[in-house]
Each structure stands twice: as structure tokens, then as C-alpha cells.
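Got a structure open and wondering where its labels come from? Let's go through a few of them together.

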Amino acid sequence: MTPGKLSKLLPLSITTYGILFILLGLVLCGGFGWLTVSELHALQAETQQKNLRLAQAELDETVSRVFEASATLAKQ
């Protein structure tokens, strides 16, 4: 391939293509990183909600056992 044909095929310099390639990589990595972080925040919020529900269920169970024990003691 002659230099004239190569310059028609690649109108920009190799350095410019390298810089564009690196910038494209940075944009893609940043975008995927942002998606990952937002997914992690969503998972964290979901986990906190599940933990709160579990804690509430345990607290309800403990309170009902205390009331049952109190009622048993009151009968005695």
C-alpha cells in the first residue's frame, strides 16, 4: 500500500487515533463503572430493607414471647 492510499484510508495521524481510542476506553470504563456503582447502591438499599424487616420480625417475636411469659406468670 502506498503512502498516498494510506493517507486516504486514514485521514488522521496514528497519534490522533491512539488518543481517540484511549478516550473511548476511558468513557466506556467510566460508564460501566457508574452503572456498577449504581447497582451496588441499589443492592445496598435492598439489603438494608431486608435487614430492617428481619429485625422487626425478631423484635415482634421477642415481644410476643415476653407477653406470653407475663401472662403465664400472671396465671400462676
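Here are some short questions and answers about the labels.

This is a predicted model, where local features need pLDDT of at least 70, side-chain atom pairs count only at pLDDT 80 or more, and totals for chains, interfaces and linings use all residues. Residues are numbered from 1 along each chain as its sequence is written, and side-chain values use heavy atoms, with hydrogens and water left out.

Q: Why is L23 called partly exposed?
A: Buried means under 20% relative accessible area, exposed means over 50%, and partly exposed is in between (1.4 Å probe, protein chains only). L23 has 47% relative accessibility, so it counts as partly exposed.

Q: What makes E46 and K50 a salt bridge?
A: The rule asks for a side-chain nitrogen of Lys or Arg within 4 Å of a carboxyl oxygen of Asp or Glu. For E46 and K50 the N to O distance is 3.5 Å, so the pair fits the rule.

Q: How far apart along helix α2 are E46 and K50?
A: They're four residues apart, so about one helical turn separates them. Helices here are DSSP runs (H or I, at least four residues; strands are E, at least two), numbered from the N terminus.

Q: Why is E46 called partly exposed?
A: E46 comes in at 41% relative accessibility, so partly exposed is the label. K50, at 44%, counts as partly exposed too.

Q: How many salt bridges does the rule give?
A: Two. E61 forms one with R65, with the closest N and O atoms 3.5 Å apart.
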